[in-house]
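Let's take a walk through this structure together, one stop at a time. Keep the picture open beside the text as you read.

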Amino acid sequence: MNAYTLYTKTPIARLFFRAALPGSVSMLASALYQLIDGVFVGRFLGETPFAALNLAMPFVIINFAVADLVGVGSSVPISICLGKKQDKMANNIFSCACLLIVVSGLFMGVLLYAAAPRLMEAMGADGEFAALAVQYLRVYAVCSPVTTIVFAVDNYLRICGKVRESMLLNLLMSALSCGLEFLFLYVFGFGIWGAALATCLGMCVCALLALFAFARGNMQLRFCKPRFSGPMLRQIFAAGSPNFLNNIAGRLTSILMNLLLVRFGGEAAVSVYGVLMYVEGFVLPLLYGMCDSLQPAVGCNWGARKFRRVRAIEIYCFSASGLLSVGAAAILFLCPGAIGRLFLGGENAALLSETANALRLFGLGFLVRWFSFAAQSFMLSVEKPGYASAISVSTAFFFPLLLIAALWRLALTGLWLNYAGTALLAALLSAGILLRFRKQNPQMRRNGTPPDAA
């Protein structure tokens with residue numbers, strides 16, 4: 001079964017489980033590894049390396065955000081081209097995108113390696129704290145030309161209908177990274193650089209395996225001689241800009257939060273915030289796994305003008321995202337102490353108490369965070385990057401910045417509440433955007449689909 005048949009002919013319920021479930025399993029494996037990564041560093045290396053990892057992480061994600069700009073940005077037009085049965089155009093976008101990602105990875109790697117000490121100094125870190133953060137960031141910088149393409153090729157596998165292969169690749173990457181990190185930190189006694197190296201080696205192996213699969217020429221997407229054009233590049237950057245802006249704005253917010261955390265609570269506050277980010281890094285990938293796995297299906301049906309199927313797929317997407325997110329909020333409210341001890345041990349009672357309080361306040365955000373997440377994914381799938389960008393940048397930067405100012409007097413408590421307030425504002429914005437989109441696209445209304453679009 002080729003990708004077009006899979007996404008446009010399979011019954012919706014079966015399609016959801018065939019696409020979204022493996023996507024969620026893939027992201028669950030990735031999220032579990034990120035969780036284990038934090039536990040390993042916190043338990044094997046201590047509080048200072050754990051804080052250093054979280055100080056460097058925003059810059060690591062910025063590096064991957066540049067590759068995601070192209071990877072996500074190319075996935076949307078590729079899916080729509082396949083829906084229109086324009087295979088040659090899809091292959092050209094695919095080939096150009098892969099080349100762009102490798103070149104951008106090389107450029108960003110050189111830049112981050114050179115700038116790492118100054119970046120940590122600008123964050124207010126010094127001594128061992130700064131040195132460990134520099135070590136961690138520089139390992140990612142060296143591996144950047146190979147590692148940054150791994151998430152893009154995962155998208156391309158799903159576009160080709162290879163959902164199972166995508167899931168297996170993610171499971172392998174998480175298992176390799178986890179096994180190598182345990183070996184490097186616990187058995188060999190490496191420092192924080194060993195944690196970064198383990199992750200990068202896992203990514204490199206899986207990126208090369210995926211590229212080899214495409215190079216064999218058996219996929220629906222195939223490498224061809226890349227032919228760049230202005231309209232194609234604008235299409236890629238427009239479609240990828242919401243995710244890119246979300247990543248960049250989110251990391252700028254994280255950098256600002258770290259500066260304030262150092263001011264209000266020092267290294268301990270950075271550690272608490274690190275636990276919150278690991279929790280977010282566990283839940284959001286599951287949401288992303290569902291929504292992102294359905295993007296090729298939505299894009300393909302949108303290109304084929306099968307609007308009833310688009311609407312039906314999104315009902316499943318929004319409903320499942322809501323159930324998952326509310327469940328996460330319940331766990332955070334009921335078990336904050338156990339989650340804190342998982343990362344920080346049980347020796348520092350004051351730190352654990354602050355972590356439990358922060359987790360409860362932070363968890364309130366998951367009650368509504370799912371709505372803006374699913375809405376942004378839908379806007380991307382139907383080539384509405386302006387709407388998606390408005391949601392992503394507001395969620396990642398403008399709303400948090402507004403709430404930092406509004407809750408300034410609450411100091412650390414205000415920072416812990418920031419996520420919940422941002423999620424509520426983002427949900428309200430997303431609801432307004434969806435209503436506007438519905439008015440502009442009557443074919444998406446229940447009774448507004450043309451007879452030939454079902």
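Start with helix α13, which is mostly covered: 13 of its 16 residues are buried. Bear in mind that this is a predicted model, so everything along the way is computed from predicted atoms. Helix α13 runs over residues 366–381, and at 1.5 Å a residue its 16 residues should span 22 Å; the C-alpha atoms at its ends are 23 Å apart, which agrees. Just past α13 comes Glu383, with a positive phi of about 55°.

Glu383 has company when it comes to positive phi. Take Arg305: it isn't a glycine, yet its phi is positive, at about 60°. You'll find Arg305 in the loop between α9 and α10. Is Arg305 buried or partly exposed? With a relative accessible area of 47%, Arg305 is partly exposed, because buried would mean under 20%. Then there's Ala411, another residue other than glycine with a positive phi, this time near 55°. Ala411 sits in the loop between α14 (385–406) and α15 (412–440). At 29% relative accessibility, Ala411 also counts as partly exposed.

Next, the cysteines. How many disulfides does the count come to? Zero. Cys143 is in no disulfide, and the nearest cysteine sulfur, that of Cys200, is 4.0 Å away. Cys200 is in no disulfide either; for Cys200 the nearest cysteine sulfur is that of Cys143, at 4.0 Å. A disulfide needs the two sulfur atoms within 2.5 Å, so this pair doesn't qualify. Both cysteines are tucked away, though: Cys143 is buried with a relative accessible area of 14%, and Cys200 is buried with 0%.

Cys200 turns up again if you look at Val139, which has its place in helix α5 (residues 127–147). Leaving out residues up to four places away in sequence, Val139 touches Trp193, Ala196, Leu197 and Cys200. Val139 is buried, with a relative accessible area of 14%. Look at Ala198 too: Val139 and Ala198 are 59 residues apart in sequence, but their C-alpha atoms are 9.8 Å apart in space.

Asp37 shows a longer stretch of sequence being bridged. Asp37 lies in helix α2 (residues 12–45), and at 5% relative accessibility it counts as buried. Which residues does Asp37 touch, not counting those up to four places away in sequence? They are Leu53, Tyr136, Glu181, Ala195 and Tyr278. Asp37 and Val279 are 242 residues apart in sequence, while C-alpha to C-alpha they are 12 Å apart in space.

Val279 makes a handy signpost to the last stop, the second largest pocket. About 210 Å³ of space lies in this pocket. Of the 13 residues that line it, Val279 is among the closest to its centre, together with Phe282, Val283, Ile331 and Ile339. The elements giving two or more residues to the lining are α9 (230–303), α10 (307–334) and α11 (336–344). Helix α10 supplies the largest share, five residues. What is the lining made of: nonpolar, polar or charged residues? The lining divides into 12 nonpolar residues, one polar and no charged.

Definitions and conventions: Residues are numbered from 1 along each chain as its sequence is written. This is a predicted model: local features need pLDDT of at least 70, side-chain atom pairs count only at pLDDT 80 or more; totals for chains, interfaces and linings use all residues. Side-chain values use heavy atoms; hydrogens and water are left out. Helices (H or I, at least four residues) and strands (E, at least two) are DSSP runs, numbered from the N terminus. The expected span of a helix is 1.5 Å times one less than its number of residues. Buried means under 20% relative accessible area, exposed over 50%, partly exposed in between (1.4 Å probe, protein chains only). On a 1 Å grid over the protein atoms alone, a cavity is a set of points where a 1.4 Å probe fits but cannot get out, and a pocket is an open set with protein on both sides within 12 Å along at least five of seven lines; lining residues have an atom within 4 Å of a point. Grid points are joined across faces, edges and corners, and a volume is the space filled by probe spheres set on the points. Ala, Val, Leu, Ile, Met, Phe, Trp, Tyr, Cys and Pro count as nonpolar, Asp, Glu, Lys and Arg as charged, and the others, Gly among them, as polar. Contact means heavy atoms within 4.5 Å.
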